[in-house]
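Please examine the sequence and the structure shown below. The exercises that follow are each accompanied by a worked solution.

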Amino acid sequence: MSPTHFLDKIKFRLSAWVRPRMVVGFTRGDGIQLMRTRVSNTTRIEAPAKLDVEENVFIGHFNFVDASGGLTIGEGCQITNYVSILTHSSHIAIRLYGAEYLDHREHAGYLKKPSVIGPYSFVGPHTVLMPGVSLGKGSLVRAYSFVAAGSYPDFAILAGNPAEVIGDTREMDAPWLAEHPELNRFYKAWADDRR
């Protein structure tokens, strides 16, 4: 860890004692500085070295972002507030082992899976993403949703507990693009990207 990264980390943690606020600029685990990514000082990031986050990401207040199983957050994503993004789960293992859980290392029932949030996706408040979720680009997860492990298509609108695909964000965006045709080239720059 570089001295700059270390000082940034200390400043980030101390700022939480003052008040919730957005911190502009984020240093990724590989040392890359993301000058347009914003993360609240009240968000807890577990295993930041395994978090692959891109530029122009917003991660709001009071979130738990668990990257211990590997987590990718694509460019332009918005993670609102009070969201839990999980890449591991131990509740089955804890029930199986009971009081002996802490006395064992490799646990049956311990789940660890990477998750991906596609570029320009939105995760609404009070949502839970379980380990092994793969959201396609341009997705929208409505508030209070529980998203189970699985792959979800590009531009999906997800809602419910468990969340299901209920729509397509392209239909939501179409009237806006019709009213502001000058934005089509910006939209197509990521929406038509085949990567």
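## Exercise 1: A pair of strands

Met22 has Ser40 in E2 as its bridge partner. This is a predicted model, in which local features need pLDDT of at least 70 and side-chain atom pairs count only at pLDDT 80 or more, while totals for chains, interfaces and linings use all residues. Residues are numbered from 1 along each chain as its sequence is written, and side-chain values use heavy atoms, with hydrogens and water left out.

**Task.** Determine how many bridges join E1 to E2.

**Solution.**
Step 1. Helices (H or I, at least four residues) and strands (E, at least two) are DSSP runs, numbered from the N terminus.
Step 2. Two strands pair if DSSP finds at least two bridges between them.
Step 3. E1 and E2 run antiparallel and are joined by five bridges.
Step 4. Their hairpin has five residues between the strands, and Gly31 there takes a positive phi near 90°.

## Exercise 2: Salt bridges of Arg28

**Task.** State which residues are linked with Arg28 in a network of salt bridges.

**Solution.**
Step 1. A salt bridge is a side-chain nitrogen of Lys or Arg within 4 Å of a carboxyl oxygen of Asp or Glu. Side chains of opposite charge can pair when their charged atoms come close.
Step 2. Between Arg28 and Asp30 there is a salt bridge, with the closest N and O atoms 3.1 Å apart.
Step 3. Arg28 also meets the side chain of Glu54 in a salt bridge (3.7 Å, N to O). This pair links distant parts of the chain, 26 residues apart: Glu54 lies in the loop between strand E4 (51-53) and strand E5 (58-59), and Arg28 in the loop between strand E1 (22-27) and strand E2 (33-40).
Step 4. The network of salt bridges links Arg28, Asp30, Asp52 and Glu54.

## Exercise 3: Buried or exposed

**Task.** Classify Arg28, Asp30 and Glu54 by relative accessible area.

**Solution.**
Step 1. Buried means under 20% relative accessible area, exposed over 50%, and partly exposed in between (1.4 Å probe, protein chains only).
Step 2. Arg28 has a relative accessible area of 11%, so this residue is buried.
Step 3. Asp30 is exposed, because its relative accessibility is 52%.
Step 4. Glu54, with a relative accessible area of 32%, is partly exposed.

## Exercise 4: A further salt bridge

**Task.** Find the residue with which Glu46 forms a salt bridge.

**Solution.**
Step 1. The partner of Glu46 is Arg44, and their closest N and O atoms are 3.2 Å apart.
Step 2. Glu46 is partly exposed at a relative accessible area of 28%, and Arg44 is partly exposed at 41%.
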